[in-house]
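Trainee: I am new to this structure and would be grateful for a close look at a single part of it. Please describe how the helices there meet one another and what lies on the surface beside them.

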Amino acid sequence: MAEARQAVGFRFSLVSDGAEADLGAPVLQEIYFSGLRSWKRRLSRFSNDFVTGVYPASPLSWLFLFSTIQLAWFLQLDPSLGLMEKIKELLPDWGGQHHGLRVALAAALFASCLWGALIFTLHVALKLLLSYHGWLLEPHGTMSSPTKTWLALVRIFSGRSPMLFSYQRSLPRQPLPPVRETVRKYLESVRPVLSDEDFDWTAALAQDFLRLQASLLQWYLWLKSWWAANYVSDWWEEFVYLRSRNSLMVNSNYYMMDFLYVPPTPLQAARAGNAVHALLLYRHRLNRQEIPPTLLMGTRPLCSAQYEKLFNTTRVPGVQRDHIRHLHDSRHVAVLHRGRFFRVGTHSRHGLLPPRALEQQFQRILDDPSPACPQEEHLAALTAAPRDTWAQVRKSLRAGAAAALEAVEGAAFFVSLDPEPAGLTKEDPAASLDAYAHALLAGRGHDRWFDKSFTLLVFSNGKLGLCVEHSWADCPVLGHMWEFTLATECFQLGYLTDGHCKGHPDPTLPQPQRLIWDLPEKIHLSISLALRGATTLSGNIDCHVFPFSHFGKSFIKRCHLSPDSFIQMALQLAHFRDRGQFCLTYESAMTRLFLEGRTETVRSCTREACNFVRAMEDEKETDPQCLALLRVAVDKHQSLLKAAMTGQGVDRHLFALYIVSRFLRLQSPFLAQVHSEQWQLATSQIPVQQPQLFDVHNYPDYVSSGGGFGPADEHGYGVSYIFMGDDMITFHISSKKSSAKTDSHRLGQRIEDALLDVASLFQAGQTHRRRRRRSGENPGHSTSLSIGRTFSESGPPASVTPSDGCSPAHTLTLEPQLPSPAKPLLDFRL
């Protein structure tokens with residue numbers, strides 16, 4: 001009966017996205033403008049697809065080739081060696097007066113065939129060149145002659161001014177590792193965390209697997225590796241994400257933070273207006289493929305496939321599996337404020353609405369006094385429910401509120417205007433940062449639409465954040481977009497001195513459209529149960545964020561170490577001190593060197609890392625001995641990281657073998673054992689991919705502070721970290737309050753002490769200081785004190801300048817007793 005109710009309540013007012021339609025204008029005019037916009041998008045998409053399809057050639061190269069052939073024919077030369085004459089014979093005979101046309105057509109056909117053959121040759125040559133990974137395996141700061149030759153050839157064959165998807169046809173497929181080598185690496189990785197008895201049992205299972213099943217399963221994977229674009233990525237998305245029936249909240253989402261110390265404006269509507277405008281500018285560049293592809297060493301391209309579903313994307317729940325719904329375009333955003341849903345148009349017939357107009361629309365929502373309808377306030381909690389439950393309820397919701405549901409799921413993205421403030425405060429810096437992280441990761445359980453590709457959260461004091469659904473893409477893609485958004489809305493768009501967006505309001509804009517939900521009685525209980533479950537899950541997550549300001553990646557690089565490997569070794573030391581034992585450690589590494597590559601696992605808890613940790617905890621070991629073991633552990637971690645990036649990891653191969661075994665209904669105790677393991681320490685580095693967007697030296701406050709995610713195990717930790725400039729590292733730690741074994745704040749203190757202890761290995765005379773801190777004579781520094789800045793709560797709204805506070809407090813001055821490297825170290829962790 002919802003359709004009848006909507007029909008009766010329909011008001012005759014024609015409203016286009018973002019601008020009120022003129023009722024006196026002919027309806028054909030509106031149809032004309034709508035069709036014109038649609039065809040412009042189609043032509044632009046076709047043009048871009050054609051240009052990227054022929055890259056590194058260009059359409060002009062075909063014209064040059066055609067003109068050259070015509071000129072040669074005019075000079076009575078035949079560059080086709082008789083092929084053009086045969087082509088002319090196959091063309092219809094239109095008479096002597098059309099002889100020139102037949103020659104031109106023959107030349108065009110021959111030029112097209114020759115051009116296509118040259119493009120195919122270029123693609124094959126570039127794919128072969130990009131399959132070389134020797135450059136990645138070389139020691140830091142060195143470059144062999146083969147690598148120099150390879151770089152020169154890649155630059156020759158890569159062309160100029162590539163678009164976002166220009167290299168997709170030239171990227172190699174992810175290689176399938178030998179199964180025996182994968183099993184060997186797996187056994188090596190679990191040896192440090194298993195007893196002798198358990199390891200012998202696991203090794204026996206592995207031998208039985210290699211003898212009985214491995215070759216058959218590997219053959220099927222080999223077949224898929226040649227047939228599919230990637231032998232593992234589609235199954236990874238399908239079985240790890242879309243077939244998971246758990247709640248998305250905490251389990252399949254992560255968050256990205258705003259600037260740590262200053263929001264550019266304290267006005268919520270203004271910050272939302274600039275941020276939404278910046279995001280849509282990014283989408284415009286994405287649609288036109290004007291975003292340059294990510295290049296390692298300025299030459300080696302990474303796969304860009306994950307960018308396709310950044311916007312206009314929703315994860316739709318299903319009874320057995322979800323599916324990703326992606327629209328080619330969307331001209332509105334869905335907004336939630338105090339339990340009320342709105343549809344806000346983002347375009348007029350003249351194009352994208354300016355920031356001041358968007359601010360006006362958001363302010364109208366904030367000023368709207370109407371209350372939420374019964375059950376509407378907590379409706380979004382359904383997206384945090386188990387997927388089977390939400391799928392069943394969604395069927396009833398579609399029957400009663402199809403238009404409202406379509407407006408939300410068909411939006412470019414979701415915006416949540418939170419009525420509470422968030423972010424760093426002077427009164428309690430540590431607690432406020434923890435609350436900020438919790439608000440972004442889980443919130444109240446009903447204040448965002450977890451199904452959307454991402455939700456933009458704007459708090460009442462102007463702080464921003466993202467809550468991201470994980471199935472469709474990985475963090476580096478969102479990080480790239482988020483860096484652009486923060487830099488654009490702050491440095492490019494800017495704010496007036498009173499905090500408002502630049503420009504003038506538009507009084508002709510219609511009011512944002514309030515979405516009406518006709519919620520049947522039978523789903524009221526489902527909403528209440530979903531809210532209860534979401535509240536419980538949100539209340540159980542323990543988040544802790546602390547900026548470590550004693551040193552950063554510049555100090556680590558002066559020690560001739562990889563910053564990421566240095567942090568991973570410190571995390572091993574911190575976790576051992578926290579739990580008294582070693583555990584399997586998950587570190588995410590990208591495999592985007594290959595077509596449609598996603599991630600691979602680096603198993604950071606190695607035998608070498610364990611030896612280093614034991615030495616650090618042994619009072620008999622000297623600092624030089626610990627330092628030597630640290631370098632061995634770092635080298636091992638780097639080799640594992642490079643192997644993961646080049647498709648020679650362990651976990652994705654074993655995962656794909658396991659999926660094949662399930663399809664074939666083969667029981668494999670070894671693969672079942674592998675996939676029953678628990679990752680008690682899950683880690684990830686948030687990369688800064690566009691340092692040119694931020695001036696960390698002159699404006700150190702204006703740097704993104706990264707993001708975090710939930711723990712992978714009920715009794716484990718989730719740890720992410722980001723290098724903010726050269727002299728600060730921000731850590732995001734999560735755990736479950738229900739576990740008596742974990743405490744995010746305790747681990748944060750362990751991490752800080754571990755970092756200082758490891759760094760002190762490079763200082764003469766620091767030995768006794770390290771021993772005292774570990775033995776309890778020197779309790780270390782509170783993580784809340786390492787923030788070390790004063791800050792402005794609103795920041796300068798008119799222009800970007802540093803806050804009036806001091807620089808980070810450095811309670812320990814560290815200078816490694818080593819010469820500086822001749823050239824910067826290449827950090828492979830992206």
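Mentor: Contact, in what follows, means heavy atoms within 4.5 Å. The model is a predicted one, and the part chosen here is helix α23, residues 651–663, with its two partners, α10 and α11.

Let us begin with α10, which spans residues 214–227. The axes of α10 and α23 lie 9 Å apart, and the two helices pack at an angle of about 105°. Angles of 65 to 115 degrees count as roughly perpendicular, and α10 and α23 are therefore roughly perpendicular to each other. On the α10 side, the residues that meet α23 are Leu217, Gln218, Tyr220 and Leu221; on the α23 side they are His653, Ala656, Leu657, Val660 and Ser661. Sorted by class, this contact holds six nonpolar residues and three polar ones, with no charged residue.

The second partner is α11, formed by residues 233–242. Its axis comes within 11 Å of that of α23, and the two cross at roughly 70°. That angle makes α11 roughly perpendicular to α23. From α11, the contact is made by Trp235, Trp236, Phe239 and Val240. From α23 come Arg652, Phe655, Ala656, Ile659, Val660 and Phe663. The residues of this contact divide into nine nonpolar and one charged, with no polar residue. Ala656 and Val660 of α23 appear in the contact with α10 and also in the contact with α11.

We may now turn to the surface. A nonpolar patch is formed there by Leu216, Trp219, Tyr220, Trp222, Leu223, Trp226, Phe663 and Leu664. Together these residues have about 860 Å² of accessible area. Helix α10 supplies the largest share of the patch, six residues, and leucine 216 is placed in that helix. Two members of the patch also take part in the helix contacts: Tyr220 of α10 meets α23, while Phe663 of α23 belongs to the contact with α11. The patch and the packing of these helices thus involve some of the residues already named.

Methods. Residues numbered from 1 in each chain as written. Predicted model: local features only at pLDDT ≥ 70, side-chain atom pairs only at ≥ 80, totals over all residues. Heavy atoms only, no water. Axes fitted to C-alpha atoms, helices over the stretch in contact; angles between N-to-C directions. Helix = DSSP H or I, 4+ residues; strand = E, 2+ residues; numbered from the N terminus. Parallel < 35°, antiparallel > 145°, perpendicular 65-115°, else oblique. Nonpolar A, V, L, I, M, F, W, Y, C, P; charged D, E, K, R; others polar. Patch = residues over 30% accessible without salt bridge, like charges linked within 9 Å, V, L, I, M, F, W, Y side chains within 5 Å. Areas by Shrake-Rupley, 256 points an atom, 1.4 Å probe, with all protein chains shown as cover. Salt bridge = Lys/Arg side-chain N within 4 Å of Asp/Glu carboxyl O.
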